[in-house]
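Pull up the model and keep the sequence beside it. We'll go through it a piece at a time, starting from a single residue.

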Amino acid sequence: MRYQRPKGTADILPGTSETWQFVEATARDLFARYRFGEIRTPMFENYEVFSRTSGDTSDIVTKEMYDFKDKGDRHLSLRPEGTAGVVRAFVENKLYGPETTKPYKVYYMGPMFRYERPQSGRQREFHQIGVEAFGSDAPELDVEVIALGMNLLTKLGLKHLRLALNTLGDKASRDAYRQALIDFLEPHFDELSEDSQVRLHKNPLRVLDSKDAHDQEIVADAPSILDYLTPEAQEHFTKVKASLDALGIAYDVDATMVRGLDYYNHTIFEIMADSPALGEGYTTVLAGGRYNGLVEELGGPEMPGVGFGMGVERLVILMQAEKIALPDDNALDVYIVGIGDETSLETLKLVQAIRQAGLTADRDYLGRKPKAQFKTANRLDATYTLTIGDQELADQTANLKNMATGEQISVPLADIYQDFQKVVTDGFTAK
């Protein structure tokens, strides 16, 4: 029987995994500068962690979640996104207490799962990197999170980025807008898609996010949330925009943007890249916003929060399309050539000693002739070769060759074992 990976999953092989490692290392370094610490949550949670927070009309809950009953008849779900699990951990571990510094800032990275039609940059098992900050209502914290997202994508080499910004206001703003939207959409009820008909009275803002072409035509003339903001919500949004202006971060206000999860309020944003690798026009790579009320929804106290999530698959496709150069952290320093069976143990000891000295090293494990071993050293672009044959073994020496210059020296094995770095430095600079 021929086994294949499940539909909507991918094998990340050497040659591509280096890009993933670079993304993760860059993110960790930048998050540390912003004082975010890593949090790791389970890949599956109680089903209600996601159904309560994402909204029962969201596509995630109604169509995409991988949920199941375990042997104890518990209803569980593979995580479809990162925020809800982090909020659950925040509440369960009482991280809202006075002993923790606020805002409490964390980041996560790992696989998520949604049952949807696989396409470029969108898989059923996909990976997110995200941040969450709890405990502050300050608009400036919204801006710090946005600035962090922009900074991360820029550091990863992406260009032609667009920041789309909107606000969903506070509860009073949303209640007023919700009714205005229902009043506008009800005359078009029979024209709406089946999904939008279901959502109209449960959560009419979700109709604005419909992918149905006719729904999009209808909502093009819908009222704007910006016309229904309370003074407090308007002040929050004004401060966000002023802070972005102060940091020199360009943005476009998109009053039709609502995001796909029900827990957002106040500031929401999407950072998009313009690349044909993911189709025509701009494609969202990183998005998020403020979610005051989510901590309470999962049993915690009133505690504001803000964060973002970034899709790694999409990001890697963009980086590869842009041919972004990666640092070569896996360069081969030394290839050890053994001539004759009697040298095998010595070459094994040498390769281990050189690795322990902090360099990369490799040797032949296929019993090949010296010529083939040297070809491998060339193909792997080794900086040095270290050759040992029967005579060198008897003399307790090895021949060290600089592959770039062709220069060769004979060095005692004892010196290699004692300090190989010194052998290289002294041996070639002395010439």
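Where along the chain does Tyr263 sit? Look in the loop between strand 8 (252–253) and strand 9 (265–274), and there you'll find Tyr263. Being in a loop doesn't settle its exposure, so check the number: Tyr263 has 7% relative accessibility, which is under the 20% cut-off, and therefore counts as buried.

Before going further, a word on trust. What you have on screen is a predicted model. The protein chain averages a pLDDT of 90, and 96% of the residues score at least 70. Taken element by element, strand 1 (residues 37–38) has the highest mean pLDDT, at 98, while helix 3 (residues 59–64) has the lowest, at 72.

Back to Tyr263, which turns up in the UniProt record too. That unreviewed entry lists it under "binding site", and the full list reads Glu81, Gly82, Thr83, Arg114, Gln128, Glu132, Arg259, Tyr263 and Tyr264. Annotations of this sort may be inferred rather than shown by experiment.

Gln128, another residue on that list, belongs to strand 6 (residues 125–134). With a relative accessibility of 12%, Gln128 is buried as well. What does Gln128 touch, leaving aside residues up to four places away in sequence? Its contacts are Glu81, Gly82, Tyr108, Met109, Gly110, Met112, Arg114, Met310 and Val312. Glu81, Gly82 and Arg114 from that set also appear in the record's "binding site" list.

Now for the rings. The count of aromatic pairs comes to seven. One of them joins Tyr66 and Tyr115 edge-to-face, with 5.8 Å centre to centre and 75 degrees between the planes. Tyr66 lies in the loop between helix 3 and strand 3 (67–69), and Tyr115 in the loop between strand 5 (104–113) and strand 6, so this pair ties together parts that are 49 residues apart in sequence. Tyr66 is partly exposed at 28% relative accessible area, and Tyr115 is partly exposed too, at 45%.

Tyr177 and Tyr228 make a tilted pair, 5.7 Å centre to centre and with 50 degrees between the planes. This pair also links distant parts of the chain: Tyr177 is in helix 6 (residues 171–185), whereas Tyr228 is in the loop between helix 9 (213–219) and helix 10 (231–246), 51 residues apart. Here the two partners fall into separate classes: Tyr177 is buried at 2% relative accessibility, but Tyr228 is partly exposed at 29%.

Ring pairs also build a cluster, made up of Phe90, Tyr96, Tyr104, Phe134 and Tyr291.

Some rings have a charge for company. Tyr115, the edge-to-face partner of Tyr66, has the charged end of Arg124 over its ring, 3.9 Å from the centre. Likewise, Arg363 lies over the face of Tyr365, at 4.4 Å from the ring centre.

Finally, follow strand 9 from the loop where we started. Strand 9 runs antiparallel to strand 10 (residues 282–290), and eight bridges join the two. Across from Tyr282 in strand 10 stands Asp274. On top of that, strand 10 pairs with strand 11 (residues 305–311), again in the antiparallel sense, over five bridges. Gly289 has Gly307 of strand 11 as its bridge partner.

How much of strand 10 is covered? Most of it: eight of its nine residues are buried.

Conventions:
Residues are numbered from 1 along each chain as its sequence is written. This is a predicted model: local features need pLDDT of at least 70, side-chain atom pairs count only at pLDDT 80 or more; totals for chains, interfaces and linings use all residues. Side-chain values use heavy atoms; hydrogens and water are left out. pLDDT is the predictor's confidence in each residue, from 0 to 100. Helices (H or I, at least four residues) and strands (E, at least two) are DSSP runs, numbered from the N terminus. Buried means under 20% relative accessible area, exposed over 50%, partly exposed in between (1.4 Å probe, protein chains only). Contact means heavy atoms within 4.5 Å. Rings of Phe, Tyr and Trp (its six-membered ring) pair if their centres lie within 6.5 Å; planes under 30 degrees apart count as stacked, over 60 as edge-to-face and the rest as tilted. A charge sits over a ring if NZ of Lys or CZ of Arg is within 6 Å of the ring centre and within 35 degrees of the ring normal. Two strands pair if DSSP finds at least two bridges between them.
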